[in-house]
Amino acid sequence: MSDYLLGIESSCDETAAAVITADGKILANVISSQIPLHARYGGVIPELASRNHLMSVSAVVRQALSEAGVSLGDVGRIAATRGPGLLGALMVGLQFAKGLAMQSGAELVAVHHVEGHITAILLEEGGEHPHGPLTFPYVALAVSGGHTSLYLVSAPGRYRVLGVTLDDAAGEAFDKVARVLGLPYPGGVEIDRLARQGDVGAIAFPRPLKGKQNLDFSFSGLKTAVKLYHDNLTAAGQPIPAADIAASFQEAVVDVLLRKSFAAAHLNGVQDVVISGGVAANSRLRTRMTELAPQAGLKGHLTRPILCTDNAAMIAGAGRFNLPLERAARLSIEPFASGQLV
Amino acid sequence: MGLRGTRRPGRFKRDSVRHDGPLLLVTDTSSAYLNVALQRGSSLLSAHSTYQPLSHARALLPAIDLLLAEQGFKLVDVDGFGICLGPGSFTGLRVSMASIKALAYGTDKPALGIPAVAVLAASVGGDLPVGCLIDARKGEAYSALFSAPDGAGHRQPILPVEAGTPEGGLARLMGGVNGPITLVGSSCLSAPEELFAHSRLLLAEARWHLPDICTLARLCMERFERGETTTVEHLEPIYVGQPPIHKHRG
């Protein structure tokens, strides 16, 4: 592998490109967000996302290479997200990466999006380590609008799934609850902001699947509980304590996420726990991880917020740990919409 | 409804002698056919057309690789890239465009696109105006009208491309001129035959109902030689109409 890797990410509503060195130093990390485009619809519109990726991808790659001071000819490996995500969106980034690799002769690596999230912390300055340095093996929580999963990371490139969500992803629940409360899209940031004014103990929302041996997640019931609470108050003509609802709902999610993550570490004899993915940027989750991990006899690690949301630095980073595709596959590989990292 | 009488997939080699002039790599994946061609100046060196529904992303770059290898070229030899802009299959259009954007960006060579209706109109012979009616699926069609050929053999646009029902599109085309017109496009293959039973309508030969890669390559070269290229960032498909607004998940 040459010294430079180019990462390309387009699985949902961010077109991103990044350049890193082989030892994980981020030289450029460019993200073109489509949030304003989708906000008026209250969620991601796949066709709009695909169209926007197509019009952004070359400019984003151009900017990343320019910021890094690297020419395409200097890039020895291109890593692109293959899935899971929106097929049409993924196709644009992956096809662009295939074309670049065909032209430049660079190696091509197809990366699982979640692998990017759970290894982003391995990039240079990729995370905050309030309880000491990160060591293998570690338990990684990948939590975002599309994923809520627990993995055992034995070494770079060696992963085992420990638990998954059985219905909604946590970030999806944030968005839906935000909609119930009349907050704009994306809901995660708005709930986080509103919750700071509320009482986390005001409403006792349920903690789904709280058995210590069960490492799977479920947020559908919690989301429904919030909606019922809201609808009952509305029907009774009572004021809606939006800040208390946001704080109590967020606390329930954070409680479940950390409880499961800590249980996964204990069950697997692991000391280190990493949080990653878009929801890992949530301020309450980060605070509680820092407070509670030592009480559970664990070391908590926080992926840097800029590497929590979808980005291409994490894809380039994960691209270091995979074998490049052979010639036939690098021209013909296609994206996939769903599938666990194994 | 299936397609009736589409042209056979195959390879076309019109000129065995290579002439001087710029070398263009041209692609079209706006329909179920995957089309690639190499045009050198006024000569079509080679073109491949294969029926590849739902597999353009898998097959396009290998097809380009094969085409270049057969003709003894490498990507660095290509002077520019041409593409069919659509309208057509949204995903198909984006497969070609993402690929061509990458190749043009990587080689730092110019690119350009030709609307599908311009390719259809230029393919059709005869002295009548040409109406284009492209199957847009879900009971819709894209329509556009071109003039009879001028002294130089060029057809000028009369009505720009619009989306509507096949019946509405056809009425629009018929209303655009007084006399007879030649009708071309994939709706001629997929819409009910009785729709076209009109004394002022002459259906083009079935082989012209999908954009012809040889015509596309020729039109791309004409524009390339006039310097009418664009930047990679500005190369954009023609979608026509409002995008479908279906929310992802929650």
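Contact here means heavy atoms within 4.5 Å. Keep that in mind for the exercises below, which all use a predicted model.

**Exercise 1. How many residues of domain 1 of chain A are in contact with domain 2 of chain A, and how far apart are the C-alpha centres of the two domains?**

Solution. Start with the bounds. The domain assignment splits chain A into domain 1, covering 4–119 + 309–332, and domain 2, covering 127–303. Next, take the centres: the C-alpha centres of these two domains of chain A are 27 Å apart. Finally, count who touches whom: 16 residues of domain 1 of chain A are in contact with 15 residues of domain 2 of chain A.

**Exercise 2. Do the same for chain B: what are the domain bounds, and how many residues does the contact take from each domain?**

Solution. Bounds come up again as step one. In chain B, the assignment gives domain 1 as 10–115 + 211–247 and domain 2 as 117–208. The C-alpha centres of domain 1 and domain 2 of chain B lie 24 Å apart. That contact takes 15 residues from domain 1 of chain B and 13 residues from domain 2 of chain B.

**Exercise 3. Are α3(A) and α1(B) roughly parallel or roughly antiparallel, and which residues make their contact?**

Solution. Two packed helices are described by the angle between their axes and the distance between the axes. So pull out those two values. Helix α3 of chain A spans residues 87–104, helix α1 of chain B spans residues 56–70, and their axes come within 11 Å and cross at roughly 15 degrees. Now apply the cut-off: angles under 35 degrees count as roughly parallel. α3(A) and α1(B) are therefore roughly parallel to each other. As for handedness, α3(A) passes α1(B) in a right-handed crossing. On the α3(A) side the contact is made by A:Met91, A:Gln95, A:Lys98, A:Gly99 and A:Met102, and on the α1(B) side by B:Ala57, B:Leu61, B:Ile64 and B:Asp65. Sorted by class, the residues of this contact of α3(A) with α1(B) come out as five nonpolar, two polar and two charged.

**Exercise 4. Now try α2(A) and α2(B): at what angle do they pack, and how many charged residues does their contact have?**

Solution. Helix α2 of chain A (residues 46–68) and helix α2 of chain B (residues 90–107) pack at about 5 degrees, their axes 11 Å apart. That makes α2(A) and α2(B) roughly parallel to each other, because angles under 35 degrees count that way. Then list the partners. From α2(A) you get A:Glu47, A:Ser50, A:Arg51, A:Leu54, A:Met55, A:Ser58, A:Val61, A:Arg62 and A:Leu65; they meet B:Phe90, B:Arg94, B:Met97, B:Ala98, B:Lys101 and B:Tyr105 in α2(B). The contact of α2(A) with α2(B) has five charged residues, along with eight nonpolar and two polar ones.

**Exercise 5. Stay inside chain A: how is α5(A) oriented against α8(A), and what does A:Val180 in α5 contact?**

Solution. The packing angle of α5(A) and helix α8 (residues 242–267) of chain A is about 175 degrees, with the axes 11 Å apart. Angles over 145 degrees count as roughly antiparallel, so α5(A) and α8(A) are roughly antiparallel to each other. In this pair, A:Ala170, A:Ala173, A:Phe174 and A:Val177 of α5(A) meet A:Phe249, A:Gln250 and A:Val253 of α8(A). By class, that contact of α5(A) with α8(A) has six nonpolar, one polar and no charged residues. Now for A:Val180, which is found in helix α5 of chain A. Leaving aside neighbours within four places in sequence, A:Val180 is in contact with A:Lys227 and A:His230.

**Exercise 6. Which peptide bonds to A:Pro137 and A:Pro186 are cis, and where do these prolines lie?**

Solution. First, a cis peptide bond joins A:Phe136 and A:Pro137, with omega about -10 degrees. A:Pro137 sits in the loop between β6 (127–128) and β7 (138–143) of chain A. Second, the bond from A:Tyr185 to A:Pro186 is cis too, with omega near 0 degrees. A:Pro186 is in the loop between α5 (170–180) and α6 (187–195) of chain A.

**Exercise 7. Where in chain B is the pLDDT below 50?**

Solution. Take the average first: chain B averages a pLDDT of 91, and 91% of the residues score at least 70. The pLDDT is below 50 over residues 1–8 of chain B, a stretch with 20 contacts in the model beyond near neighbours in sequence. For the complex, the predictor gives an ipTM of 0.94 and a pTM of 0.94.

Conventions
Residues numbered from 1 in each chain as written. Chains lettered and ligands numbered in written order. Predicted model: local features only at pLDDT ≥ 70, side-chain atom pairs only at ≥ 80, totals over all residues. Heavy atoms only, no water. Axes fitted to C-alpha atoms, helices over the stretch in contact; angles between N-to-C directions. Helix = DSSP H or I, 4+ residues; strand = E, 2+ residues; numbered from the N terminus. Parallel < 35°, antiparallel > 145°, perpendicular 65-115°, else oblique. Left-handed = near helix turned anticlockwise from the far one by under 90°. Nonpolar A, V, L, I, M, F, W, Y, C, P; charged D, E, K, R; others polar. pLDDT = per-residue confidence, 0-100. Domains from an automatic or database assignment.
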